[in-house]
Amino acid sequence: MIALITLFVTGLITLFVAFTRKPLLVGIIATIGLIGGLFGLMYESRYGIRLFPDYHGLNFDTTAVMFSFICIIFTTLLVWTGFKPLTENENHAGDHIALMIFSLCGALIMTSFTDFFMFFLGLEILSIPVYVLAGMKKSDALSSEASLKYFLTGSFATGILLFGIAWIYGSTGSFDLLEIKNAILNSTHNSSLLYVGVLLVLASFLFKIGAVPYHFWSPDVYAGSPATIMGFMASVVKIAAFAAILRLFTDTFDSISGVWGPLVLGVSVLSMFVGNLSAIKQTRVRRLLAYSSIAHVGYALLAVVTFDSVETTTYHYNVYYYLLAYGLATIILITAENIINDESDDIENWVGIARKNPILGLFIIMAILSLAGVPPMMGFFGKYLIFSQAIYDYPYIVAIALLNSGIGIYYYLKLIVKVLRKPYEAPKFDKLIICSLQWIVLIISGVLLLIGGFLLLLF
Amino acid sequence: MEGTLLNSGVSLQFYIILATIIFCIGVLGVMIRRNAIIILMCVELMLNAVNLLMVAFSNYHGKGDGQIFVFFIMVVAAAEATVGLSILVLLYRNRKTVDIGLFNKLKD
């Protein structure tokens, strides 16, 4: 709660500081606020302080603190890496960063809600600023097209979600997750209304995380919106949505997992295949990343389904670790996109990066290897954790997932070869300008990706 | 699910049927219509169907929280409509159309 209030106030102050038209000041205040929020979160979880003891709508338990923690860190890294494009127009320098911070407030609510009121508000506070941010480049028709597509699919998903919540309320008579859980457990036969509601809520979630068959919007939106915002959608929004899935489906609707479990499993397999097979023939970097993110959602959903064979903290931890690895790798690639800063976003522009700037090339290759799941990078351990849990219940599905990792390695390696290759013709851009903030982001994410696997040994 | 709602002679199932019909009209509108403004209105229709359902269930259970949820939905719907219309204005300035069939530049 302290973190939430700190971040909200930071967002407000950032908006007002922007009147001074000093982007640097805005950046410094936003950074202080974000790090303050991080400390607030740790302070609160460490000493078990509740700001409003009578209010039970938000509960920052261990899972919520874990997921909120990486949401805040990723937002900070994204604000740093996208500082230049975000504050390009100094009249709007504060707006973009403030909207990102407000969206982060929604993400924190999504990780910690205990009733449907807060869940719905959190989802909307998370989504609405991102609709606006996707259309950040006002004169760019592609950016506003991406914004409209994201808005229409997002608000349609909201409508479906609300319809689902209404059915759940109708059959259980409560919005509180604990009461709903007890109502489902105590009734001898649950009405089909409840199942309809749960499936509608599930469908809207699959929309939000961009899983097959509701993935059609994500390549377009990712390709059209600015790189930094694409990174925000791929990391923070997905992490918050997965935290909410864990809390809703595996914690609340666990007794009726026979209804939604097989569906999620099917969606997981479909997402892997569609994501990986479509990524092979992409010629633009961000579209490739969008399809690869669909595949990664598939792997993470596999961890959600295997919840009943393990104890609560284990699968929470598996999903968390996997998304952390995915988010760090995405942030490195987004930083590279920001550095190259090419409108056409053609994959050929990545040819020979490693020859122009070997250290940047090294970071990019580390990120791609992590996405592909090659040891010793963090992505490998994330996949290992998920597959080693799932193999007891679904050995065939794990075989399919491994096959998909193989397909994934094909196009990831193709990208690595492009980064390393000598350019055939004279390159369009001579020098890569990397500012110090972007170096910091690259180093933090790169080091975490490298040592993340070894941190696992400590637990 | 039977029984008559408080202070009205209409039973719950009619509310459920009406809300479902309105919701389905909204969903069909989003899927079929090409004009972005009408799609926006259809989304609002979906949300209002949910409002009706919430109030009916709230009355059926004899609890007030469903009706409070309706206020949350109304506030969020207003915020969404604001953002949606401003995105549409932005897009109209850039492309001079609101036909979603023509917004296909990202596809290639």
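User: In which helix of chain A is the place of A:Leu15?

Analyst: This is a predicted model, and the answer can be read from the residue ranges of the helices in chain A. Residues 2-17 of chain A form one helix, and A:Leu15 has its place within that range, in helix α1.

User: Does A:Leu15 count as buried, partly exposed or exposed, and what is its relative accessibility?

Analyst: Buried means under 20% relative accessible area and exposed means over 50%, with partly exposed in between. Because its value lies between those limits, A:Leu15 counts as partly exposed, with a relative accessibility of 30%.

User: What is the area of the nonpolar surface patch that A:Leu15 helps to make?

Analyst: A:Leu15 is one of the residues of this patch, and the others include A:Ile5, A:Phe8, A:Leu12 and A:Phe19, together with A:Leu51, A:Phe52 and A:Tyr55. The nonpolar surface patch that these residues help to make has an area of about 1,000 Å².

User: How many residues of helix α6 in chain A are buried?

Analyst: Helix α6 of chain A runs over residues 116-134 and reaches 27 Å from its first C-alpha to its last, close to the 27 Å expected at 1.5 Å a residue. This helix is mostly covered, and of its 19 residues the number buried is 17.

User: What radius of gyration does chain A have, and why does it agree with a compact globule?

Analyst: Chain A has 19 helices and zero strands, and its C-alpha atoms fill a box of roughly 75 × 55 × 45 Å along the principal axes. Buried residues make up 64% of its 459 residues, and among contacts between residues at least 6 apart in sequence, 81% join residues at least 24 apart. Because a compact globule with 459 residues would have a radius of gyration near 23 Å, the value for chain A agrees with that expectation, at 21 Å.

User: What pattern does chain B follow along its sequence?

Analyst: The secondary structure of chain B comes to three helices and zero strands. Read along the sequence, these elements give the pattern α-α-α.

User: Why is chain B described as more spread out than a compact globule, and what is its radius of gyration?

Analyst: The C-alpha atoms of chain B fill a box of roughly 55 × 25 × 20 Å along the principal axes, and buried residues make up 41% of its 108 residues. The globule rule gives 13 Å for 108 residues, and chain B is more spread out than a compact globule because its radius of gyration is well over that, at 18 Å.

Technical notes. Residues are numbered from 1 along each chain as its sequence is written. Chains are lettered from A and ligands numbered from 1 in the order in which they are written. This is a predicted model: local features need pLDDT of at least 70, side-chain atom pairs count only at pLDDT 80 or more; totals for chains, interfaces and linings use all residues. Side-chain values use heavy atoms; hydrogens and water are left out. Patches are made of residues with over 30% relative accessible area and no salt bridge: like charges are joined within 9 Å, nonpolar side chains (Val, Leu, Ile, Met, Phe, Trp, Tyr) within 5 Å. Accessible areas come from the Shrake-Rupley method with a 1.4 Å probe; for residues, only the protein chains shown count as cover. A salt bridge is a side-chain nitrogen of Lys or Arg within 4 Å of a carboxyl oxygen of Asp or Glu. Helices (H or I, at least four residues) and strands (E, at least two) are DSSP runs, numbered from the N terminus. Buried means under 20% relative accessible area, exposed over 50%, partly exposed in between (1.4 Å probe, protein chains only). The radius of gyration is taken over C-alpha atoms; the globule rule is 2.2 Å times the number of residues to the power 0.38. Contact means heavy atoms within 4.5 Å. The expected span of a helix is 1.5 Å times one less than its number of residues.
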